[in-house]
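Here's a quick look at how the aromatic rings sit in this fold, along with the surface around them. Have the structure open as you read.

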Amino acid sequence: MDNKFVITIGRQFGSCGKEIGQELAKRFGITFYDKELISLASKESGLCQEFFEKADEKNSGNLLQAFEFLSNDKLFQIQSDVIRKVAGEHSCVIVGRCADYILRDNKRCINVFVHADIEERVKTVMNRQHISEQEARELIRKMDKTRPNYYNFYSDKEWGVASSYHLSVDSSLLGVHKTVDFIQKFVEEALKD
């Protein structure tokens, strides 16, 4: 029997979703993917990594300026193929990139959305980016538009809406480590055969 599984993490900017995903991967002893998927998509396609970085979590079918024949939709398709490939090869945690939607037919895929109180998000972004409170709020505002636009453009689900995920959790209530504990227990229960 195939026991491979995938945990996808959708997250608000500054909610510590990436850190939670990394810790989950460590605890389960599985591979963690975030921006690593960009490198893999570049290698798989033979295209420059810069193309994928420019299109990363951006929502349009517009053509990239560098190559008029290479659309963001095509880059999304290549990245989607890479996500399906890694999910088929081994257990992993994947952060962002519509992975929950791309892997919607995978019965052993648990989709989690991590959100947090705005004040906690501001503190996290200020500390992580070494920026002022005003800059952090502006960056959060920008990302709170960009991520949903990307997700809603490429999926038939709605970003951040609880019904789009198996579990939605506020990381500011428990903190990173207890949130990881909670998600770990949820995943273990959900995957019991």
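## Overall fold

Of the contacts in the protein between residues at least 6 apart in sequence, 66% join residues at least 24 apart, with contact taken as heavy atoms within 4.5 Å. This is a predicted model, where local features need pLDDT of at least 70, side-chain atom pairs count only at pLDDT 80 or more, and totals for chains, interfaces and linings use all residues. Residues are numbered from 1 along each chain as its sequence is written, and side-chain values use heavy atoms, leaving out hydrogens and water.

There are eight helices and five strands, taken as DSSP runs numbered from the N terminus (helices: H or I, at least four residues; strands: E, at least two). Along the sequence they follow β-α-β-α-α-α-β-α-β-α-α-β-α.

## Rings around Phe-113

Rings of Phe, Tyr and Trp (its six-membered ring) pair up if their centres lie within 6.5 Å; planes under 30 degrees apart are stacked, over 60 edge-to-face, and the rest tilted. That rule gives eight aromatic pairs. Take Phe-113 and Trp-159: their ring centres are 5.1 Å apart with planes at 90 degrees, so this pair is edge-to-face. Phe-113 belongs to strand β4 (residues 109–115) and Trp-159 to the loop between α7 (133–154) and β5 (167–170), so the pair ties together parts 46 residues apart in sequence.

Phe-113 also pairs with Tyr-165: here the centres are 5.0 Å apart and the planes at 35 degrees, so the pair is tilted. Tyr-165 is in the loop between α7 and β5, 52 residues from Phe-113. Are these rings buried or exposed? Phe-113 and Tyr-165 are both buried, meaning under 20% relative accessible area (exposed is over 50%, partly exposed in between; 1.4 Å probe, protein chains only). Phe-113 has just 2%, and Trp-159, at 16%, counts as buried too.

## Other ring contacts

Elsewhere, ring pairs join Phe-76, Tyr-150, Phe-153 and Tyr-154 into a cluster.

Charges get involved as well: a charge sits over a ring if NZ of Lys or CZ of Arg is within 6 Å of the ring centre and within 35 degrees of the ring normal. Arg-104 lies over the face of Tyr-101, 3.9 Å from the ring centre, and Lys-157 lies over the face of Tyr-165 at 5.8 Å.

## Burial

Of the protein's 193 residues, 48% count as buried. On the other side of the ledger, Leu-173 in helix α8 (residues 171–190) counts as exposed, at 69% relative accessibility.
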